[in-house]
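Reader: Could you take a close look at one part of this model with me? I would enjoy a connected walk through it.

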Amino acid sequence: MNSLTETTRRPTNWQGKDMQKRIAGRYAAERRFKAMGMAAIALSAGFLAFLLVVMVGNGFRGFTQTELPLQIDFPAVTGGASPSQFEGPNAEANLQAMGLRDIVDSSIEIQYGREGAELFSSGGWTAVSAKILDDPEIVERQATVYLPATSEIDVAYKGDGTPAAEEQVRELKGQLSTGFNWNFLSNSDATDPMQVGIWGAFKGSLITMIVTLMLAFPVGVLAALYLEEYAPKNRLTDLIEVSINNLAAVPSIIFGLLGLAVFLNFFGMPRSGALVGGLTLALMTMPVIVISGRNAVKSVPPSIREAALGIGASPLQVVFHHVLPLALPGILTGTIIGMARALGETAPLLMIGMRAFIATPPSGITDPATVLPVQIFLWSDEVDRGFVEKTSAAIIVLLLFLLVMNALAIYLRNRFETRW
């Protein structure tokens, strides 16, 4: 009996060779795991840095444009027009009646010769129009206006042009300059890369995301609450749960086909509208919100429900006054993931016709519209090399839009976490 007690109580020999070898092996495995983790983080950071450097390096040039000076003798070419003609609601109509484009073309021919028109962007005259509307008194004097050059000269001046364009740049040395491309922030799609803008696609994305959020968020949250708090546990609810999980993994283009078949062909909704795009993306986003919402509701401790019922709250009050506010941070996290996925989707929107040439920003949910990912896709398919930097610049705008949207959602999530 004593020998058995002594055997079971014998202390571990931590100084033994076998034990020391095992301890050394554990420490070595821990160091290897730590090194692999650091290498994975460094590799991920390297890929991210490479992406940002490439996108910012190429996209930054998309926010600038190459300009040429043009001297215009406004009193001579406008026939003594009065500044009052270009003030008030009829200003743009008076500009069109005056034939401003012909005035600009004649001034270009006077200064640069008959082939001078080939040096300027086809829509460069709009810069003169903006100048007159901004300062109507300019029509009473001579002035120098900087107009955007052609796309070929712009690319060559930035160091990536064809030999012929580079020769033109050398001939114009001393006259070319670089200015901020305000057109890129205020215009919509165009055939000339010097006149394209991101505003139309940005507004279309904003309207589409609002429609998606207004539909997917309340329906997804209510579905999650019902399935977790009210629905009986039977085969029907099991089938619903499996269906929701499968829908979350369905390729996005399938939702585009569904939107084409249901919203366009069956209901006859307006093609290329933000309403149809929002409905299609809402179908794609809803399963993600339902799954994250159910997990968030399930994580609320049962003691919260019991305490609320104990002080006389009804089951409805328990859900909406206690469970939902506590689960809302987790629900918002799932919503962020779903909306971020929807913001970057292209395939389902191509199926419902949101790849049209949109030269005018949409003013409502039924107007023809496009979104940033589709606009990026369309520009990347253009032959003109001037669209390359515009594509990278649009990607930067899309990333900033995503960051702002996520920052707002994270702020709301943290606000609810602070309250509770």
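Which residues does Ser392 touch, not counting residues up to four places away in sequence?

Author: Happy to! Please keep in mind that this is a predicted model. Leaving aside residues up to four places away in sequence, Ser392 touches Met55, Asn58 and Gly59. Ser392 itself sits in helix 18, which covers residues 386–419. Its relative accessibility is 7%, and because buried means under 20%, Ser392 counts as buried.

Helix 18 also brings us to the aromatic rings, since Phe387 falls within residues 386–419. Phe387 pairs with Trp379: the ring centres are 6.4 Å apart and the planes meet at 45°, which makes the pair tilted. Both Trp379 and Phe387 are buried. These two residues belong to one aromatic cluster, together with Phe63 and Phe184.

The count of aromatic pairs comes to 8. Another of them joins Phe266 and Phe267, with ring centres 5.0 Å apart. Their planes stand at 90°, and planes over 60 degrees apart count as edge-to-face, so this pair is edge-to-face. What about their surroundings? Phe266 has a relative accessible area of 64% and is exposed. Phe267 reaches 51% relative accessibility, and because exposed means over 50%, Phe267 counts as exposed too.

To put the two pairs side by side: Trp379 and Phe387 are buried, whereas Phe266 is exposed, and so is Phe267.

Methods: Residues numbered from 1 in each chain as written. Predicted model: local features only at pLDDT ≥ 70, side-chain atom pairs only at ≥ 80, totals over all residues. Heavy atoms only, no water. Helix = DSSP H or I, 4+ residues; strand = E, 2+ residues; numbered from the N terminus. Buried < 20%, exposed > 50% of the residue type's maximum accessible area, 1.4 Å probe, protein only. Contact = heavy atoms within 4.5 Å. Phe/Tyr/Trp six-rings, centres within 6.5 Å; stacked < 30°, edge-to-face > 60°.
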